Amino acid sequence: YLGIKHAITTTSGTSALHLAIASLGIGQGDEVIIPTLTMIAVPYAVLYTGATPWLVDVDSEMFNIDPDRIHGFIKNQCRYSRKEKTLVNKITNKRVKGIIPVHLYGHPCPMKDIMTIAREYNLFVIEDAAEAFGAAINGKKVGSFGDAAILSFCQNKVITTGEGGAVVTNSSKVYEKLKLVRSHGRLETANYFYSTEYMDYMTLGYNFRMSNITASLGIAQLNKVDRIIEMRRKNAQYMTRMLSPIRAITTPYAPNGFSHVYQMYTIRLRNANLRDSLMKHLSDNGIMTHIYFPPVHLTRFYRREFGYRKGNLPTTEKVASEVLTLPMYPTLTKEETDYIGVQISNFFA
């Protein structure tokens with residue numbers, strides 16, 4: 001479906017990301033550049049391997065990692081050894097090994113610019129396509145640009161297995177490492193559960209295998225993924241038509257060439273007080289909304305462990321204080337969407 005040579009399923013999107021990072025040889029003494037507007041699982045997966053995530057700001061339009069901020073980080077805080085082809089953080093003296101762009105809400109990151117930076121400095125790119133399965137840039141599916149990509153199949157994703165994930169890659173070397181690390185570091189030359197053959201343990205590994213029952217759900221979902229995505233897009237378009245006349249709201253959209261799957265339908269309000277008031281109004285009227293995501297650098301864990309504070313990444317902080325995710329799923333009915341629209345209109349009236 002993605003046009004990629006290899007795929008390996010996992011227990012979750014988080015374990016998929018952990019697996020991908022480890023299989024690309026990123027670990028102790030390394031650093032990885034990630035956006036601060038993302039699910040906490042992304043920096044956690046980096047930390048699981050012993051590496052350090054370096055948080056950068058997002059752009060104010062699409063809410064994805066900003067290539068200019070990546071370049072700014074590299075230009076101002078790193079030195080590059082042409083001989084060793086290694087990017088080194090001048091402050092921490094650690095190697096910067098990769099970038100994890102997160103295709104937030106189902107909208108693709110500007111992968112052309114990100115890959116240009118990665119090639120210039122010899123960095124790995126692991127696409128986090130957990131929220132963007134089926135999204136594309138000029139017809140090329142997200143997840144097919146980087147050295148590897150991860151998917152999530154938890155309950156609110158484009159397709160779901162209840163809980164689960166996958167790693168995809170065009171590298172046969174990375175694929176073989178993925179298979180080892182996913183299953184206790186065991187070199188499986190046959191089906192472990194149906195063979196009397198001895199299989200040796202080659203490296204440290206984890207139990208990240210997806211169950212057969214879970215996989216069967218995924219196959220059924222995958223068979224109808226395009227229809228599911230089309231249902232999401234139609235629902236999103238209908239929601240946008242209702243909300244566009246309200247000047248205080250910015251609705252999600254995709255620039256030319258970018259294909260959005262609307263795994264989340266996230267609007268932006270003019271300010272934080274307006275956002276919070278609308279959120280309470282909708283809750284009082286039986287409509288669940290959520291804020292995706294609080295900036296990673298302002299979580300208690302990050303402030304305590306890494307010394308971040310408010311004001312460090314101002315664009316993300318402003319965006320995160322003004323966004324609100326509305327209900328969006330394939331089977332959302334016209335009547336339900338109309339009710340959401342009426343309640344939002346009532347609030348502004």
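Is Lys97 buried or exposed? In this predicted model, Lys97 turns out to be buried, because its relative accessible area is 17%, and the cut-off for buried is under 20%. That makes Lys97 a handy place to start, since its charged side chain has a partner. Lys97 forms a salt bridge with Asp30, and the closest N and O atoms of the two are 3.4 Å apart. Lys97 sits in strand E6 (residues 95-99) and Asp30 in strand E2 (residues 30-35), so the salt bridge ties together parts that are 67 residues apart in sequence. Asp30 is buried too, with a relative accessible area of just 1%. The pair is also part of a bigger group: Asp30, Arg95 and Lys97 are linked in a network of salt bridges.Pairs of this kind turn up elsewhere as well, with 12 salt bridges found in a search of the whole structure. As a general point, side chains of opposite charge can pair when their charged atoms come close. One of the salt bridges joins Arg268 to Glu322, with 2.8 Å between the closest N and O atoms. Here again distant parts of the chain are linked: Arg268 belongs to strand E14 and Glu322 to helix H10 (residues 314-322), and they are 54 residues apart. Both Arg268 and Glu322 are buried.

Another salt bridge brings together the side chains of Arg275 and Asp276, at 2.7 Å from N to O. What about their surroundings? Arg275 has 6% relative accessibility and so counts as buried, while Asp276, at 37%, counts as partly exposed.

Strand E14, the home of Arg268, also has a place in a sheet. Three strands make up this open sheet, in the order E12-E14-E15, and their pairing is antiparallel. Strand E12 (249-250) and strand E15 (323-326) stand at the edges with a single partner strand each, so one side of each has no neighbour in the sheet. In general, the strands of a sheet pair through backbone hydrogen bonds, either parallel or antiparallel.

How many bridges hold the pairing of E12 and E14? There are two, and they join E12 to strand E14 (residues 265-269) in the antiparallel sense. Within this part of the sheet, Ile249 stands opposite Leu269 in E14. The sheet has a helix for company, too: helix H7 (residues 225-243) lies across E14 and E15, and runs at about 20° to E14.

Definitions and conventions
Residues numbered from 1 in each chain as written. Predicted model: local features only at pLDDT ≥ 70, side-chain atom pairs only at ≥ 80, totals over all residues. Heavy atoms only, no water. Pairing = 2+ DSSP bridges. Helix = DSSP H or I, 4+ residues; strand = E, 2+ residues; numbered from the N terminus. Contact = heavy atoms within 4.5 Å. Axes fitted to C-alpha atoms, helices over the stretch in contact; angles between N-to-C directions. Salt bridge = Lys/Arg side-chain N within 4 Å of Asp/Glu carboxyl O. Buried < 20%, exposed > 50% of the residue type's maximum accessible area, 1.4 Å probe, protein only.
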